[in-house]
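Visitor: I would like a close look at a single part of this structure, namely the sheet and the helices that lie across it. Please take me through how the strands are ordered and paired.

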Amino acid sequence: MFSSFAEMSARERLAAVVDPGSFHEWLPPSERVTSPHLAQLGVPAAFDDGVAIGRATVGGRAVFIAAQEGGFMGGGVGEVHGAKLTGLLRRALRDWPDAVVILAESGGVRLHEANAGLIAVSEVMRALLDVRAAGIATVMLIGGANGCFGGMGIVARCADTVVMSDIARHAMSGPEVIESAHGAGEFDSRDRALVWRTTGGKHRWLCGDCDVLVDDDALAFRGAAIAALDAHRPMTLEELQRESALLQARADADGDNADAFELWSRLGVPESREVPELDADALRTRRPAAVAALAQGAA
Amino acid sequence: MDWQAVAARLFGSDHAVVADGDFLCGTAVFDGAPLAVVGTTHHAAVGVDLALRQARAVLATVDAHPGRPLLLLVDTQGQALRRRDELLGIHRAMAHLGCCLDLARRRGHAVVGLVYDQALSGGFITSGLMADACHALPQAEIRVMRVPAMARVTKLPEELLESLSRTNPVFAPGVANYVAMGGVRSLWEDDLAAGLRAALADRDTSDARAQEGARRGGRRAAADVVRRVLEAS
Amino acid sequence: MESLNFAFDGGRPLASFAPTLVGVVASGNLEVLVEPSADTGCRITVDTSARGFAPVWEAVLRDFHERHGVAGLAVAIHDMGATPAVVSLRLDQAIAAIAGDA
């Protein structure tokens with residue numbers, strides 16, 4: 001039965017992805033591990049500082065899992081939130097689950113915690129890369145309405161597998177920030193179709209920056225997570241050289257065009273104007289093989 | 001201090017570092033051994049092209065000169081705010097750069113970061129913050145975002161954020177704060193070469209920034225939360 | 001932000017239950033953490049982003065206590081400007097969640 005992943009809370013999504021009843025939470029809300037920085041700004045804390053972490057099974061296999069709540073502070077990473085993620089990743093290095101799965105919905109660094117948030121994001125990134133280097137699969141599920149942006153956008157793309165729905169976005173700066181800086185002519189933040197074909201799941205999938213594209217359905221995300229448990233790829237020098245060449249070739253193919261329809265055509269996507277109307281299944285046949293090479297996980 | 005002055009103080013005339021636009025690259029000789037320099041200048045806005053250029057320079061060092069130390073010279077206003085860079089996946093290019101620096105460290109290259117002017121946001125996350133340790137000149141500034149943009153996004157009043165930027169370590173952009181929080185290992189004051197020498201000698205590659213932040217008192221919660229997660233039943 | 005405390009006497013104690021969380025601290029929403037308490041009656045703490053609504057909270061929470069009549073309950077709320085209807089809904093959801101676990 002279909003249930004919208006985007007409309008669920010972080011905890012509901014987590015419950016839908018893991019095997020029923022298998023989630024054991026660490027630092028649960030009752031322990032009140034909250035932000036020390038929000039009260040001075042008149043903002044109420046969250047009992048879990050906006051992220052639930054713990055261990056679970058997915059398809060019968062042991063994973064460590066985290067879910068960011070996009071509703072709280074836009075999912076921004078603060079000192080405690082970041083430390084929960086870093087702790088989870090460091091514990092993975094000790095306890096060796098089959099994978100670390102992160103349900104990412106975040107605007108990036110929590111601006112209300114500024115410097116502490118910035119350093120926290122970096123600690124998460126380093127810990128994630130340690131987990132990846134140790135040979136443990138890392139999976140990002142991006143399916144919230146807020147998307148995955150900023151420092152968390154960078155962190156998410158350090159994982160082996162990024163799974164997105166067409167509703168989701170994965171980028172650095174939101175369209176409003178770009179419009180503020182350089183005007184609506186640069187990026188009209190109210191043009192939703194433009195925003196989604198620039199940073200949304202279908203675009204990232206077609207260009208190879210997203211490894212798996214699913215519908216906005218909790219069961220689809222669960223299935224993709226299970227498949228990604230075996231999609232670990234080590235970051236070797238050769239792998240990074242290959243990625244470097246492919247990313248540069250893609251930038252060269254675009255030139256100064258900067259329009260998604262044109263870029264898709266240049267990359268070899270047939271009938272690019274039809275893309276916004278197609279669902280994940282229909283798009284599956286349209287991704288050029290050369291682009292698929294940029295993606296890292298299971299197709 | 002501009003990058004030329006930094007290079008002169010570190011290497012004298014013993015370097016071939018050049019600027020090509022905002023991109024810094026070249027080999028220097030330090031204490032008799034070659035060292036690779038990669039970085040940015042002119043408060044560079046880091047877009048896809050500049051991120052990929054830096055990454056290529058890092059990969060070239062790892063490929064051609066195993067074990068050669070890398071010095072990252074950081075002066076950036078953060079990620080470029082352009083639709084084209086978002087279209088082409090600046091988040092991916094930055095992750096790629098971060099992974100290249102991570103690879104260099106894992107292959108035994110000492111990677112030292114120096115913020116010599118300013119560092120913001122994503123530009124800092126995938127440069128100085130990916131080094132073994134990041135250092136800074138005393139006058140440098142590190143920020144997440146400038147106050148006016150922060151006010152727009154958070155809906156907090158600009159005056160409040162300005163005031164906090166002066167008085168509150170979590171908001172103040174001075175690098176001394178980052179030292180207190182564990183984000184920056186040390187400030188290089190007069191003898192820059194001594195700073196680099198000490199940085200190259202410190203080969204502890206574990207991420208001890210949270211413990212540093214707790215020890216120095218600037219960031220007290222993080223290390224304890226990490227410990228609690230490790231110990232949770 | 002305003003912090004408020006309320007205590008209501010009376011009610012039937014519930015069978016023991018695990019701490020339970022409902023809701024999210026998002027704009028127009030709130031999170032409610034309910035835990036067993038050794039005290040009789042019901043204690044409720046509220047941290048709210050909206051100042052000056054103590055009488056409204058008192059009315060909503062008293063109504064909740066009378067509706068469910070639960071004793072031995074500690075309720076902690078983080079509120080981001082939810083309407084009384086949403087507050088009542090979350091409180092009802094919290095009680096339902098406890099009962100569901102019983």
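Guide: What follows is a walk through the sheet of chain B, with a short word on chain A at the end.

Please keep in mind throughout that this is a predicted model. In chain B, 7 strands make up an open sheet of mixed pairing, and their order across the sheet is S1-S2-S3-S5-S7-S9-S11. The edges are taken by strand S1 (18-20) and strand S11 (186-187) of chain B, each of which has a single partner strand, so that one side of each is left without a neighbour in the sheet.

Moving inward from S1, one comes to S2 and then S3 in the order of the sheet. S2(B), which spans residues 23-30, pairs with S3(B) in the antiparallel sense, and 8 bridges hold that pairing. Within it, B:Ala28 has B:Leu35 of S3(B) as its bridge partner. The two strands, S2(B) and S3(B), form a hairpin with 2 residues between them, and in the turn B:Asp31 has a positive phi of about 50°.

S3(B), at residues 33-40, deserves a pause, because 6 of its 8 residues are buried and the strand is therefore largely enclosed by the rest of the structure. On to S5(B), the sense of pairing is parallel, with 4 bridges joining S3(B) to S5(B); here B:Val37 has B:Leu71 in S5(B) as its bridge partner. S5 of chain B (residues 70-74) is in turn joined by 5 bridges to S7 of chain B (residues 111-115), and these two strands also run parallel. In that pairing B:Val115 of S7(B) is the residue opposite B:Val74.

Two helices can now be placed on this part of the sheet. Helix H1 of chain B, residues 3-11, lies across S1, S2 and S5 of chain B, and runs at about 15° to S2(B). Helix H2 of chain B, residues 48-64, lies across S2, S3 and S5 of chain B, and runs at about 170° to S3(B). S2 and S5 of chain B are thus strands that H1 lies across and that H2 lies across as well.

For the wider setting, chain A contains 12 helices and 7 strands. Its radius of gyration is 19 Å, close to the 19 Å that the globule rule gives for 299 residues, so chain A is as compact as a globular protein of that length. Buried residues account for 62% of the 299 residues in chain A, and its C-alpha atoms fill a box of roughly 55 × 45 × 45 Å along the principal axes.

Key. Residues are numbered from 1 along each chain as its sequence is written. Chains are lettered from A and ligands numbered from 1 in the order in which they are written. This is a predicted model: local features need pLDDT of at least 70, side-chain atom pairs count only at pLDDT 80 or more; totals for chains, interfaces and linings use all residues. The radius of gyration is taken over C-alpha atoms; the globule rule is 2.2 Å times the number of residues to the power 0.38. A residue is buried if 20 or more other C-beta atoms lie within 10 Å of its own, exposed if 12 or fewer, and partly exposed in between; C-beta atoms are placed from the backbone. Two strands pair if DSSP finds at least two bridges between them. Two residues are in contact if their C-beta atoms, placed from the backbone, lie within 7 Å. Axes are lines fitted to C-alpha atoms, for helices over the stretch in contact, and angles run from 0 to 180 degrees between N-to-C directions.
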